[in-house]
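The exercises below concern side-chain packing and pairing in one structure. Work through each task with the coordinates open, then compare with the solution.

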Amino acid sequence: MTADVTSRPARPDERKRPAPRRDPNRRRARDLLVIVPTFAILLVIVFPVLWMVFTSLRPTTALAARLPWSRYFDGLGFGAYSRLFGNSDFARYIGNSLLVSAVSTVCTVVLASLAAYALSRFAFRLRRTIMMVVLATQLLPFVVLITPIYLSFGELGLLNSYVGLIIVYTAMTLPLAIYLLMGYFNTIPIALDEAARIDGCSNVGVIFRVVFPIALPGIVTVIVTTFIATWEEYFFASVLNTSEDLKTVQVGLSSFFGEYTSDWGVIMAAATVATVPTIVLFSVVQKRLVAGMAAGSVKE
C-alpha cells in the first residue's frame, strides 16, 4: 500500500518565508527624488502665470518702486481690471475673438472630419496626390501669403469682416487637423463600418454614429489645437481687420503698449483675461475626454 505523498507535512526549510519588510525611510527618499524635481519644474512653468496675475492686482505706484518683500502684498485690488473694462473696448475684443475662433473651429472640425474619413476609408486615383497637396500646404509659411490674400480679399470685399478672418483661420488649421484625424480613423477597423451598413446605416450615419464616437479623442485634440491657434493668432488679424470694432484679443492687447509709457497693470490684467477662455476650454474638454474614454472601456 503506497503512502499518500500529498499529506506529507512540509519541512521547515520548505515553508514560505515571510517577505522582507521595506524600509520606510528608503521609500520616502525615493519619493522625494521624484517629487522634488517635479515640483521644481512645475514651479518654473507656473511662476510666470502667477507673477502675471499678481502684477495685475498690484497698485500702479508699486510696480516700479523698490519695496521690501514684506510690503509686496500691500494694496492688492482690482483697479487694473476696472480701468481695463472701463476705459477700453477689451470686452468687445474678447467677443470678436470668441466668435471668430468658435466658428473657425467648427468649420475646421467638420471639413477635416469629412476629408480625413474619405482619405482613410476610400481608395481612389488621386488619393496620394491630395495627401501630398495637403502636406505641402503645411510646408509653406502662411506669412508669405499675406500679400495675395490681402489683395484678393480687397477685391472680394472681405477686408474688415469676420468672414475673411474665418476663411484664413480655417485654411491655416485644416491641413494639420486632417492629418491628426486620419491617424485616429486609420486605427478604427473597417469591419465596424461594414457591420453598420449591413444593419441599414447610411454613410452619414456610419460617420456620425460609429466612427466619430470612437474617434472622440482625435476630435477633441483638433478642437483644442484649432481654438488655441486661432485665439492666439495676431498677424493676419492685425492686417486683415484694421477696424476698431473688429479687433481681436491679441490685436487689442498690443494696443495697450504706449510709445513712451505703458500701464503695466492694465496690460497684465488684459493678458490674464485673455488666458481664461483657453484654460476653461481645456479643463472642460479634458474632463469630457477622460469620462468618455473610461465609459468606452467598460463592456456592458
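**Exercise 1. Cysteines**

Task: how many disulfides does a search of the whole structure find?

Solution. Take a disulfide as a pair of cysteine sulfur atoms within 2.5 Å. The search returns 0 disulfides. The model is a predicted one, in which local features need pLDDT of at least 70 and side-chain atom pairs count only at pLDDT 80 or more, while totals for chains, interfaces and linings use all residues. Residues are numbered from 1 along each chain as its sequence is written, and side-chain values use heavy atoms, with hydrogens and water left out.

Next, classify the cysteines C107 and C201 by relative accessible area, where buried means under 20%, exposed over 50% and partly exposed in between (1.4 Å probe, protein chains only). C107 has 29% and is therefore partly exposed. C201 has 18%, so C201 is buried.

**Exercise 2. Nonpolar cores**

Task: determine which residues have the most contacts inside the largest nonpolar core, and which element gives the most to this core.

Solution. A nonpolar core is a set of buried Ala, Val, Leu, Ile, Met, Phe, Trp, Tyr and Cys residues joined through side-chain atoms within 4.5 Å. The largest has 24 residues, and I178, L181, F185 and V211 have the most contacts inside it. Now assign the elements, with helices (H or I, at least four residues) and strands (E, at least two) taken as DSSP runs numbered from the N terminus. Two or more residues come from each of α4 (90-121), α5 (127-139), α7 (162-186), α9 (203-214) and α10 (216-231). The most, 6 residues, come from α7.

For I178, list the contacts (heavy atoms within 4.5 Å). Leaving aside neighbours within four places in sequence, I178 touches A112, A115, A116, L119 and V134. There is also a second, separate core of 17 residues, including Y93, F227, W231 and V249.

**Exercise 3. Aromatic pairs**

Task: count the aromatic pairs, then classify F227 with W231 and F257 with W264.

Solution. Rings of Phe, Tyr and Trp (its six-membered ring) pair if their centres lie within 6.5 Å; planes under 30 degrees apart are stacked, over 60 edge-to-face and the rest tilted. The count is 12 aromatic pairs. For F227 and W231 the centres are 5.8 Å apart and the planes at 15°, so this pair is stacked. Both residues lie in helix α10, 4 residues apart, about one turn of the helix. F227 is buried at 10% relative accessible area, and W231 is buried at 2%.

For F257 and W264 the centres are 5.7 Å apart and the planes at 80°, so this pair is edge-to-face. F257 is partly exposed at 43%, as is W264 at 45%. Finally, F85, F90, Y93 and F256 form one aromatic cluster.

**Exercise 4. Salt bridges**

Task: count the salt bridges and locate the partners of R83 and D193.

Solution. A salt bridge needs a side-chain nitrogen of Lys or Arg within 4 Å of a carboxyl oxygen of Asp or Glu. The count is 4 salt bridges. R83 pairs with D263, with the closest N and O atoms 3.1 Å apart. R83 sits in helix α3 (residues 79-86) and D263 in the loop between α12 (249-254) and α13 (264-296), 180 residues apart.

D193 pairs with R121 at 2.9 Å, N to O. Since D193 lies in helix α8 (residues 190-198) and R121 in helix α4, the pair ties together parts 72 residues apart in sequence. D193 is buried at 1%, and R121 is buried at 14%.
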